[in-house]
Amino acid sequence: MNQPLAPGATIGIVGGGQLGRMLAMAAARLGYHTVVLEPDKACPAAEVVGHHIVASYDDGRALEQLAKLSDVVTYEFENVPVMAARSLADRVPLHPSAEALEAAQDRLSEKIFLNTIGIPTAPFVSVDNEGDLAQGLVRFGGNGVLKTRRLGYDGKGQRVFRQARPGDAGGVVAAMGAVPLILEGLVAFEREISIIAARGLDGTLAAYDPAENIHRNGILFQSTVPAAITDETADAAREAAYAILSALDYIGVIGVEFFVLPDGSLLVNEIAPRVHNSGHWTEAACAISQFEQHIRAIAGLPLGSTARHSDCTMENLIGSDQDRAPALLAEADLMLQLYGKAEARPGRKMGHFTRIRPRGDQIG
Ligand code: AMP
């Protein structure tokens, strides 16, 4: 695919959550049809896509159907089975590639990849048993975060150790499900930021301003732009994202999360090979959102401007927070998105809102 995708073409999306929903809406604005592969009949994307294949992500016939119906395929979450991504890529352009997906899917290979291209991360050790964990805890002075290597999200599958002794490793690996784990040194960060960047089919790079993120219970609570960081730190975040995109020969939008250390230097926490929750603010504060940017990139269109017309704060609506919607809608300069999920379970992302305000650096 060297020509831009013509209007009327079909974009396939693996995963029908809120990110798939917002990608489909952005695709529709550019005149594309969408088809989603998602096992949940009542998923957020179902209402806004042209066609919904209700099947699991690794269902061979469903993947074949998705490839047949689509001119290009993308995905909205990083836990798409790599085999499924490869089987799609054999039949239809897949962006980002199966290799990019694979690099981001396992916290251990992700960190090895980042360190290999010269991007620092928290120190880490691979943990397969209690002996590994006990040794790792000694190495990191008793302070660390133990995480599942795969399938973790929103702080799930994590355990924090503070001033732990080697004996505290007892029973922990079994309690985490006896799956492959990684122990990271506990980073004394000053703040957390993320950057949403994109690489087009022709290799063009673009990045939005970094957002400053606050997590609660391991889930993103709030993103504020601009982040309270120096220009040097912002530049370093952009350069790191560009290095990752180029090393992976990546097409599409990526989210890169960082820890900012007290001296302003950065460690990458993780990369997400997709549009990202900490980039939802772009819909309210930029002419071209991260969702449209991703569709532009995978469709071979020119990337859009990442300029920000406003300062802003995005907040997630988790569980019963959705009940705040009527009051939020009464506020001027507030953009609300609800994901159409029927059940507001605790910890479930139901929607988000972004408050915009004039740019502080352009007042007065
Ligand atoms: P993650 O699922 O890796 O994004 O982790 C969720 C949150 O846990 C991060 O946003 C941090 O607030 C915290 N966290 C994760 N890893 C570390 C670490 N190595 N040191 C300190 N805090 C961490």
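In this predicted model, the centres of domain 2 and domain 3, taken over C-alpha atoms, are separated by 29 Å. The domain assignment divides the protein into domain 1 (10–94), domain 2 (123–185) and domain 3 (191–357).

## The nonpolar cores

The largest nonpolar core has 39 residues, and those that touch the most other members are Leu 5, Ile 11, Tyr 32, Trp 281, Phe 291 and Ile 295. At least two residues of this core come from each of β1 (10–14), α1 (18–29), β9 (191–199), β12 (219–225), α10 (290–298) and β15 (310–318). The element that gives the most is α1, which supplies six residues. Because residues of this core come from both domain 1 (10–94) and domain 3 (191–357), the core lies between these two domains. A general tendency fits this picture: in soluble globular proteins, nonpolar side chains tend to be buried together.

Tyr 32 shows in detail how one member is surrounded. When residues up to four places away in sequence are not counted, Tyr 32 touches Leu 5, Ala 6, Pro 7, Gly 8, Ala 9, Ile 11, Ala 27, Ile 295, Ala 299 and Leu 301. Apart from the largest core lies another core, made of 28 residues, which include Ile 195, Ala 240, Ile 254 and Val 256.

## Helix α10

Helix α10 is one of the elements that supply at least two residues to the largest core, and its own surroundings deserve a closer look. Nine of the nine residues of α10 are buried, so this helix is largely enclosed by the rest of the structure. The buried residues are Gln 290, Phe 291, Glu 292, Gln 293, His 294, Ile 295, Arg 296, Ala 297 and Ile 298, a list in which charged side chains such as Glu 292 and Arg 296 appear beside nonpolar ones such as Phe 291 and Ile 295. At the start of α10, a side-chain oxygen of Ser 289 reaches to within 3.2 Å of the backbone nitrogen of Phe 291, while the helix is followed by Gly 300, whose phi is positive, near 75°.

## Gln 222 in strand β12

Gln 222 has its place in strand β12. With a relative accessible area of 17%, Gln 222 is buried, because a residue counts as buried when this value is under 20%. Its side chain makes a polar contact of 3.2 Å with the side chain of Glu 315. Leaving out residues up to four places away in sequence, Gln 222 touches Glu 212, Asn 213, Ile 214, Thr 313, Met 314 and Glu 315.

## The ligand and its surroundings

The ligand is surrounded by 16 residues, and the closest are Lys 147, Gln 158, Val 187, Glu 192 and Glu 270. Three polar atoms of the protein and their distances to atoms of the ligand are set out below.

| Residue and polar atom | Ligand atom | Distance |
|---|---|---|
| Glu 184, side chain | nitrogen | 3.0 Å |
| Gly 185, backbone | nitrogen | 3.0 Å |
| His 215, side chain | oxygen | 3.3 Å |

On its own the ligand has 470 Å² of accessible area, and the protein covers 89% of it. The shell around the ligand receives two or more residues from each of β6 (144–148), β8 (181–185), β13 (252–260) and β14 (266–272).

## Backbone geometry in the loops

Most residues other than glycine have a negative phi, and most peptide bonds are trans. Several places in this model depart from that pattern. A cis peptide bond joins His 95 and Pro 96, with an omega of about -10°, and Pro 96 lies in the loop between α3 (82–89) and α4 (98–105). The peptide bond from Val 225 to Pro 226 is also cis, with omega near 5°, and Pro 226 is found in the loop between β12 and α8 (231–247).

Two residues have a positive phi although neither is a glycine: for Gln 163 the value is about 45°, and for Ala 178 it is near 50°. Gln 163 is placed in the loop between β7 (158–161) and α7 (172–175), whereas Ala 178 is in the loop between α7 and β8. Gln 163 is exposed, with a relative accessible area of 72%, and Ala 178, at 61% relative accessibility, counts as exposed as well.

Definitions and conventions:
Residues numbered from 1 in each chain as written. Predicted model: local features only at pLDDT ≥ 70, side-chain atom pairs only at ≥ 80, totals over all residues. Heavy atoms only, no water. Core = buried A, V, L, I, M, F, W, Y, C linked by side-chain atoms within 4.5 Å. Buried < 20%, exposed > 50% of the residue type's maximum accessible area, 1.4 Å probe, protein only. Helix = DSSP H or I, 4+ residues; strand = E, 2+ residues; numbered from the N terminus. Domains from an automatic or database assignment. Contact = heavy atoms within 4.5 Å. Near = heavy atom within 4 Å. Polar contact = N/O pair within 3.5 Å; in protein donor to acceptor, adjacent residues only side chain to side chain. Areas by Shrake-Rupley, 256 points an atom, 1.4 Å probe, with all protein chains shown as cover.
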